[in-house]
Amino acid sequence: MRILVTGGSGYIGSHTTVQLVAAGHEVVIADDFSRSKRAVLGRLEELCGAPVACRVVDLTDREATRELFEQESFEAVMHFAGLKAVGESVALPLEYYTNNLGLTLSVLDAMRATGVKKFVFSSSATVYGEHASVPMREDMPTSATNPYGWTKVMQEQMLRDLATAAPDMRVALLRYFNPVGAHPSGLIGEDPHGVPNNLMPLLAQIAVGQRNRLNLFGRDYPTPDGTARRDYLHVEDLAAGHVAALDALSSREEAVSTWNLGTGTPTSVLELVAAFAEASGRVIPTVDSARRAGDIAESYADPTKAQTELGWKATRTIQDMCADTWRWQSSNPTGYPDA
Ligand code: UFG
């Protein structure tokens with residue numbers, strides 16, 4: 001298929017692009033590089049064995065987006081583009097709603113105008129909200145605790161409403177748990193914009209000597225070691241989940257399908273710190289800190305539905321995730337070069 005990958009130069013979009021090309025699909029990336037570097041494209045070319053087409057476009061611009069769809073001929077869209085920093089979204093709610101909802105509306109408008117029916121959406125386990133029980137299942141109610149999370153809840157709802165009006169659409173809502181790791185080549189990986197918010201890139205930057213220590217946000221959670229537990233998922237497994245979801249869409253009866261992409265196994269903050277220290281051979285100094293506002297004790301998937309319906313299962317271990325993150329970070333200590 002000829003696929004538009006929005007945000008294809010970002011962390012998850014870039015890893016998925018490599019797997020889409022390997023599966024025989026033709027990819028066109030659309031990105032404005034506001035949170036990513038152009039150097040990603042050279043790395044993708046190296047991994048894919050040929051250049052990957054890229055259109056520099058602001059997808060919140062409806063005219064420009066329509067033009068892109070009219071010039072190219074897409075059979076499916078994978079929609080990764082969007083702002084994703086929880087803390088920033090609390091400080092800048094209007095920017096988050098304008099950008100994340102605007103992007104999706106503009107892309108869906110262009111899809112409707114040009115008859116593109118397949119849409120794979122980057123949703124998040126954040127839509128299970130604050131009070132969900134674990135493991136989280138796709139049929140649980142959704143809510144959010146911050147503007148970023150609400151943009152995901154709202155985009156899911158927009159897509160369900162659209163599919164009601166256009167039942168020939170085939171939409172996949174992929175609810176990611178905690179994506180970490182990097183391509184095993186070390187050529188592409190996570191290169192956070194500014195100070196990282198997430199645990200794994202912080203561990204990687206501490207190990208490589210760019211930061212001094214990790215704040216352990218909360219030691220008093222009702223978990224075995226008192227630190228919060230998450231469902232860390234290798235980005236290569238996550239990328240494979242996208243390819244599987246796209247393949248499955250054509251034969252789905254429902255217009256909208258929701259799938260958790262996670263391992264189903266929780267890992268605590270302290271366990272991940274220990275695994276990363278082991279993989280990197282570096283000491284990770286930690287300091288006990290208060291809980292971070294909005295954090296929940298435990299978040300992990302029930303991944304049964306994706307396993308049954310997509311034949312997809314995460315196979316990489318926490319050790320793989322740490323080793324691959326470390327290979328990426330140690331060979332690119334300051335991320336991608338500015339180019
Ligand atoms: N943590 C620390 N110290 C830090 C950073 C994080 O102890 O400096 C802890 C957090 O408190 C949490 C765990 O590490 O217990 C994981 O934190 P992340 O920020 O890496 O991940 P979250 O689970 O908080 O957030 C992720 C995504 C969000 C998404 C959310 C729910 O980053 O986009 O999962 O799905 F909304």
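How much space lies in the second largest pocket? In this predicted model, the second largest pocket holds about 240 Å³ of space. Its lining is made up of 19 residues, of which Lys 37, Asp 191, Pro 192, His 193 and Thr 334 come closest to the centre. Two helices contribute to this lining with at least two residues each, namely helix 7 (199–207) and helix 11 (318–331). Sorted by class, the residues around the second largest pocket comprise 10 polar, five nonpolar and four charged ones.

It helps to step back to the chain as a whole. The protein chain contains 11 helices and 14 strands. Its radius of gyration is 19 Å, close to the 20 Å that the globule rule gives for 339 residues, so the chain is as compact as a globular protein of that length. The C-alpha trace extends over about 55 × 45 × 40 Å along its principal axes. Of the 339 residues, 54% are buried. Among contacts between residues at least 6 apart in sequence, 80% link residues at least 24 apart.

Helix 7 deserves a closer look, as one of the contributors to the pocket lining. This helix is mostly covered, with nine of its nine residues buried. These buried residues are Leu 199, Met 200, Pro 201, Leu 202, Leu 203, Ala 204, Gln 205, Ile 206 and Ala 207. They pack against three strands and two helices: strand 7 (178–180), strand 8 (214–217), strand 10 (232–234), helix 9 (269–280) and helix 11. Just after helix 7 comes Gly 209, with a positive phi of about 95 degrees.

The search for enclosed space leads back to helix 7 as well. Over the whole structure, one cavity of 30 Å³ or more is found. The largest cavity holds about 70 Å³ of space. Helix 7 and helix 11 each supply at least two residues of its lining. The lining residues of this cavity include Met 200, Pro 201 and Ala 204, together with Thr 325, Trp 328 and Gln 329. Also among them are Tyr 11, Val 180, Gly 181, Ala 182, Gly 189 and Glu 190. By class, seven of the lining residues of the largest cavity are nonpolar, four are polar and one is charged.

Tyr 11, one of the residues that line the cavity, belongs to helix 1 (residues 11–22). At 1.5 Å a residue, the 12 residues of helix 1 should span 16 Å, which agrees with the 18 Å between its end C-alpha atoms. Helix 1 is mostly covered, and 10 of its 12 residues are buried. The buried set consists of Tyr 11, Ile 12, Gly 13, Ser 14, His 15, Thr 16, Thr 17, Val 18, Gln 19 and Leu 20. A positive phi of about 95 degrees is found at Gly 24, just after helix 1. Helix 8 (residues 235–249) can be described in similar terms. From the first C-alpha to the last, this helix of 15 residues reaches 21 Å, close to the 21 Å expected at 1.5 Å a residue. Helix 8 is also mostly covered, with 13 of its 15 residues buried.

Some loop residues are worth pointing out for their backbone geometry. Most residues other than glycine have a negative phi, and most peptide bonds are trans. Phe 33, which is not a glycine, has a positive phi of about 55 degrees. This residue sits in the loop between strand 2 (26–31) and helix 2 (39–48). Its relative accessibility is 9%, so Phe 33 counts as buried, the limit being under 20%. A cis peptide bond, with omega about -5 degrees, joins Val 134 and Pro 135. Pro 135 lies in the loop between strand 5 (118–124) and helix 6 (147–165).

Another loop residue, Phe 177, is found between strand 6 (170–176) and strand 7. Phe 177 counts as buried because its relative accessibility is 6%. Leaving aside residues up to four places away in sequence, Phe 177 touches Ala 125, Tyr 128, Met 136, Asp 231, Asn 260, Leu 261, Gly 262, Ser 299, Tyr 300 and Ala 301. The C-alpha atom of Phe 177 is separated by 8.4 Å from that of Thr 263, and these two residues are 86 residues apart along the chain.

Key
Residues numbered from 1 in each chain as written. Predicted model: local features only at pLDDT ≥ 70, side-chain atom pairs only at ≥ 80, totals over all residues. Heavy atoms only, no water. 1 Å grid on protein atoms, 1.4 Å probe; cavity = no way out; pocket = protein on both sides within 12 Å on 5 of 7 lines; lining within 4 Å. Points joined across faces, edges and corners; volume = space filled by probe spheres on them. Helix = DSSP H or I, 4+ residues; strand = E, 2+ residues; numbered from the N terminus. Nonpolar A, V, L, I, M, F, W, Y, C, P; charged D, E, K, R; others polar. Expected span 1.5 Å × (residues − 1). Buried < 20%, exposed > 50% of the residue type's maximum accessible area, 1.4 Å probe, protein only. Rg over C-alpha atoms; globule rule 2.2 N^0.38 Å. Contact = heavy atoms within 4.5 Å.
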